[in-house]
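Hi everyone, thanks for making the time today. I'd like to walk you through a structure that is new to most of us, so please have the viewer open and follow along.

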Amino acid sequence: MNSPLRSIHVVAAVITDARGRILLNRRTGNSDMAGLWEFPGGKREPGETSEQALVRELHEELGIDAQIGEWLMEVPQLYPDKRLRLEVRMVRDWKGTARGREGQAITWVTPDKLSRYSMPPADLPVVAALRQPDRYLVTPEPLQGAEAWLGGIGAAIEGGIRRIHLRTPQADERAALARHVAERFASQVDVLLNRDIALARELGVGVHLGGEQLLSLSARPLPESLPVAASCHDLAQLQAAQRLGCDFVVLGPVQPTATHPGAAPLGWEAFEQLREQVSLPIYAIGGMAAADIETARRHGALGVAAIRSLWPAPTA
């Protein structure tokens with residue numbers, strides 16, 4: 001009988017300086033995953049709070065006395081030899097000069113350059129949380145007409161939405177509406193067209209793949225300059241999305257939803273069990289609202305995706 005994997009709680013810091021750069025540590029040759037870059041921190045010992053553990057680790061590793069800031073997220077990650085939970089906190093204030101006290105290299109990186117550094121799987125969702133939107137709007141059908149629908153998209157963007165899954169009607173209207181959205185809004189937000197790879201390529205926008213499409217593709221369908229996402233419901237689809245190089249996925253339904261009343265919800269426990277087996281950025285979908293972002297991030301999600309709760313209420 002296989003013995004259960006050991007569970008480790010690690011606390012890491014996103015340390016930012018006055019220029020907005022972020023500090024990364026390089027793992028030494030004596031550690032697991034040597035040579036990879038990571039957010040500094042370490043294991044929480046018995047009897048320690050997360051804040052105490054992080055203060056101790058940052059002093060030991062970097063020689064700084066840190067003031068621990070706000071919580072960012074937690075990432076459950078399954079490794080061959082352990083089950084890790086990475087808790088991430090922001091650190092903007094400290095005393096001392098950061099240096100590699102344990103022989104490790106350190107570097108200061110602007111947020112837009114973070115993806116250039118090879119990192120352990122648990123650190124990759126943190127990069128996404130620092131760089132990508134925490135809400136993903138899925139558009140409803142344009143039942144009130146095209147102009148009202150386009151106005152709703154504009155209002156959503158004014159309200160802070162920065163990423164949109166464009167679900168448009170069937171063939172005769174899809175191209176025209178998608179072209180209107182691309183012309184009006186693609187310079188302001190990430191626009192991903194539902195399923196239609198050819199039209200997305202023509203319009204120069206991203207594509208959001210269906211789960212069955214993931215399993216039929218052998219390569220990323222668009223260049224790296226255009227976002228590729230997917231809807232996932234199980235581990236096989238998540239793994240396919242990761243192999244294809246999807247920029248992010250949605251996973252659910254987490255809770256019951258009126259859009260798919262017959263679909264059995266995953267619940268947060270099953271969501272987390274799937275999340276820990278890949279390193280993709282993942283939005284939780286199904287009964288989600290902006291108020292659920294913190295809960296979603298406690299289970300390793302980038303944020304939430306939704307239709308009704310993120311679509312602007314009509315004005316009188």
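Let's start with the basics: how many helices and strands does the protein chain have? The count comes to 9 helices and 17 strands. Please keep in mind that this is a predicted model.

Now the overall build. The C-alpha trace spans about 65 × 55 × 40 Å along its principal axes. The radius of gyration of the protein chain is 21 Å, which agrees with the value near 20 Å that a compact globule of 316 residues would have. Of those 316 residues, 50% are buried. And if we take the contacts with a separation of 6 or more, 62% of them are between residues 24 or more positions apart.

Let me show you one sheet. Three strands, in the order β3-β2-β9, form an open sheet with antiparallel pairing. Which strands sit at its edges? Those are β3 and β9, residues 106–109, and each of them pairs on one side only. If you zoom in on β2 and β3, you'll find that they pair over 2 bridges in the antiparallel sense. N25 has E38, in β3, as its bridge partner.

On to the charged side chains. How many salt bridges does a search of the whole structure find? It finds 24, and I've picked a few for us to visit.

The first stop is K82 and D32, whose side chains meet in a salt bridge at 3.5 Å, N to O. This pair links distant parts of the chain: K82 belongs to strand β7, residues 82–91, while D32 is in the loop between β2 and β3, and the two are 50 residues apart. Are the two partners buried or exposed? K82 counts as buried, because its relative accessibility is 7% and the cut-off for buried is under 20%. D32, on the other hand, is partly exposed, with a relative accessible area of 40%. Stay with K82 for a moment, since there is something else to see: K82 also lies over the face of Y79, at 4.9 Å from the ring centre.

The next stop is R195 and E212, another salt bridge, this one at 2.2 Å, N to O. R195 is in the loop between β12 and α5, E212 is in helix α6, residues 211–216, and 17 residues separate them. Here R195 is partly exposed at 38% relative accessible area, and E212 is partly exposed as well, at 46%.

Then we have D247 and R220, with their closest N and O atoms 2.9 Å apart in a salt bridge. Both partners are in loops: D247 between α7 and β15, R220 between α6 and β14, and they are 27 residues apart. D247 counts as partly exposed at 26% relative accessibility, whereas R220 is buried at 16%.

Salt bridges can also join up into something bigger than a pair. Which residues are linked in such a network? They are E74, R85, E272, E294 and R298. R298 has a ring partner too: it lies over the face of W71, at 4.0 Å from the ring centre.

That brings us to the aromatic rings. The structure holds 6 aromatic pairs. One of them is F248 with Y283, an edge-to-face pair at 5.4 Å centre to centre, with 85° between the planes. F248 is in strand β15 and Y283 in strand β16, residues 282–285, so to speak a link between distant parts of the chain, 35 residues apart. Both F248 and Y283 are buried. Add Y136, and the three residues form one aromatic cluster.

Another edge-to-face pair is W268 and F271, at 5.3 Å centre to centre and 75° between the planes. Where do these two sit relative to each other? They are 3 residues apart in helix α8, residues 267–275, which means that about one helical turn separates them. W268 is buried, with a relative accessible area of 16%, and F271 is buried too, at 0%.

That's my tour. If you'd like to go back to one spot, I'd suggest K82, which has both the salt bridge with D32 and the place over the ring of Y79. Thanks for listening!

Notes. Residues are numbered from 1 along each chain as its sequence is written. This is a predicted model: local features need pLDDT of at least 70, side-chain atom pairs count only at pLDDT 80 or more; totals for chains, interfaces and linings use all residues. Side-chain values use heavy atoms; hydrogens and water are left out. A salt bridge is a side-chain nitrogen of Lys or Arg within 4 Å of a carboxyl oxygen of Asp or Glu. Helices (H or I, at least four residues) and strands (E, at least two) are DSSP runs, numbered from the N terminus. Buried means under 20% relative accessible area, exposed over 50%, partly exposed in between (1.4 Å probe, protein chains only). Rings of Phe, Tyr and Trp (its six-membered ring) pair if their centres lie within 6.5 Å; planes under 30 degrees apart count as stacked, over 60 as edge-to-face and the rest as tilted. A charge sits over a ring if NZ of Lys or CZ of Arg is within 6 Å of the ring centre and within 35 degrees of the ring normal. Two strands pair if DSSP finds at least two bridges between them. The radius of gyration is taken over C-alpha atoms; the globule rule is 2.2 Å times the number of residues to the power 0.38. Contact means heavy atoms within 4.5 Å.
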